[in-house]
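Reader: Please take one residue of this model and go through its surroundings closely. After that, place it in the rest of the chain, and say where the prediction deserves confidence.

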Amino acid sequence: GHDPDLEIPFVFSHEQVESRSDFFKKWLLPYQHVMFWFGLWFVYPYNILNSMGFLFKDITKRSLLEILLMVVHFGLIFGITFYFLPFVVAIIFNLVTFLVMGVYMGLIFAPNHKGEDMLEHDKTYNWVHQITLTRNIYPSFLVSYFLGGLEHQVEHHLFPNMARYKYAEARKIVEAFCVEKNIPYHQTTWLESLKQIHESLKDEARAWQN
């Protein structure tokens with residue numbers, strides 16, 4: 001309930017199941033570990049709609065500016081593609097772009113904390129949870145290039161206003177601190193994180209069926 005990025009149709013804890021509809025529990029939950037990977041295609045369109053919905057909830061000067069910038073952004077994208085490309089080709093081009101962007105965004109955001117333990121709603125939240133409920137991805141040139149700094153997700157959660165190029169330096173300090181204070185500090189490879197996500201979704205589906 002503290003992280004909107006976890007408020008998605010798929011469930012990673014038994015608490016999330018209770019609020020789902022009977023239709024979801026019967027037809028979607030048993031197969032969620034498979035459907036999750038198909039759902040990644042729609043992350044980008046979902047985020048756009050979610051962002052617009054959030055901005056329209058509380059109209060301020062800032063939200064109006066952000067709405068204006070989003071309208072200009074997509075106006076240019078659609079305007080240019082439909083002007084220079086045949087109508088059908090422009091539709092296909094934009095559709096493929098949106099779906100591929102969704103997969104790319106999903107494979108960046110999901111490995112960082114999907115499938116990790118979740119804080120129950122009645123539990124008191126503190127800064128330690130930013131470490132224990134999050135995982136880092138082992139950094140490398142390619143990982144850092146494609147994830148844009150979010151491989152240091154623990155540090156990103158602890159210091160959200162820190163410049164991303166500083167995360168690698170902060171990571172050494174945070175990791176040493178966790179070792180000293182005996183705080184779990186979860187690190188894994190990108191592929192292993194995807195495996196953990198799949199297994200977590202599958203475990204929740206099986207637990208509900210049993």
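**Ser63 and the chain around it**

Author: Setting aside neighbours within four places in sequence, Ser63 is in contact with Leu55 and Asp58. The model is a predicted one, and the contacts should be read as such. With Asp58 there is also a polar contact: the side chain of Ser63 reaches the backbone oxygen of Asp58 at 3.3 Å. Ser63 belongs to helix H5, which covers residues 61-84. Its relative accessible area is 5%, so Ser63 is buried, the cut-off being under 20%.

A second serine can be set beside this one. Ser193 lies in helix H11 and counts as buried because its relative accessibility is 0%. Not counting residues up to four places away in sequence, Ser193 touches Pro111, Arg135, Ile137 and Thr188.

Both host helices also take part in the nonpolar packing. The largest nonpolar core has 18 residues, and those touching the most other members are Phe36, Tyr44, Ile48, Ile197 and Leu201. Helices H4 (43-57), H5, H6 (87-113) and H11 (190-209) each supply at least two residues of this core. H4 gives the largest share, namely five residues. A second, separate core holds six residues, among them Val174, Cys178, Ile183 and Tyr185.

Leu201 shows some of the packing in the largest core. Outside its neighbours within four places in sequence, Leu201 is in contact with Phe10, Val11, Phe12, Gln32, His33 and Phe36. Gln32, His33 and Phe36 are also the buried residues of helix H3 (residues 32-39). They lie on the same side of H3, because the arc they cover around the axis is only 95°. In general, an α-helix has 3.6 residues a turn, so residues three or four places apart point the same way. The buried residues of H3 pack against helix H2 (22-28), H6 and H11.

An exposed residue gives the contrast. Asn182 is in the loop between H10 and strand E2 (186-188). Its relative accessibility is 71%, so Asn182 counts as exposed, the cut-off being over 50%. The phi of Asn182 is near 60°, a positive value in a residue other than glycine. Most residues other than glycine have a negative phi.

As for the whole, the chain has eleven helices and two strands. From the N terminus on, the elements run α-α-α-α-α-α-α-β-α-α-α-β-α. The C-alpha atoms fill a box of roughly 60 × 45 × 35 Å, taken along the principal axes. Of the 210 residues, 36% count as buried. The chain exposes about 13500 Å², and carbon and sulfur atoms supply 67% of that area. Among contacts with a separation of 6 or more, 58% come from residues 24 or more positions apart.

On confidence, the chain averages a pLDDT of 88, and 92% of the residues score at least 70. Among the elements, helix H10 (residues 167-181) has the highest mean pLDDT, 96, and helix H1 (residues 14-18) the lowest, 77. Where pLDDT is low, predicted coordinates should not be read in detail.

Methods: Residues are numbered from 1 along each chain as its sequence is written. This is a predicted model: local features need pLDDT of at least 70, side-chain atom pairs count only at pLDDT 80 or more; totals for chains, interfaces and linings use all residues. Side-chain values use heavy atoms; hydrogens and water are left out. Helices (H or I, at least four residues) and strands (E, at least two) are DSSP runs, numbered from the N terminus. Buried means under 20% relative accessible area, exposed over 50%, partly exposed in between (1.4 Å probe, protein chains only). A polar contact is a pair of N or O atoms within 3.5 Å; within protein, one must be able to donate a hydrogen and the other to accept it, and residues adjacent in sequence count only if both atoms are side-chain atoms. Contact means heavy atoms within 4.5 Å. pLDDT is the predictor's confidence in each residue, from 0 to 100. A nonpolar core is a set of buried Ala, Val, Leu, Ile, Met, Phe, Trp, Tyr and Cys residues joined through side-chain atoms within 4.5 Å. Accessible areas come from the Shrake-Rupley method with a 1.4 Å probe; for residues, only the protein chains shown count as cover. The arc is that of the directions from the helix axis to the C-beta atoms.
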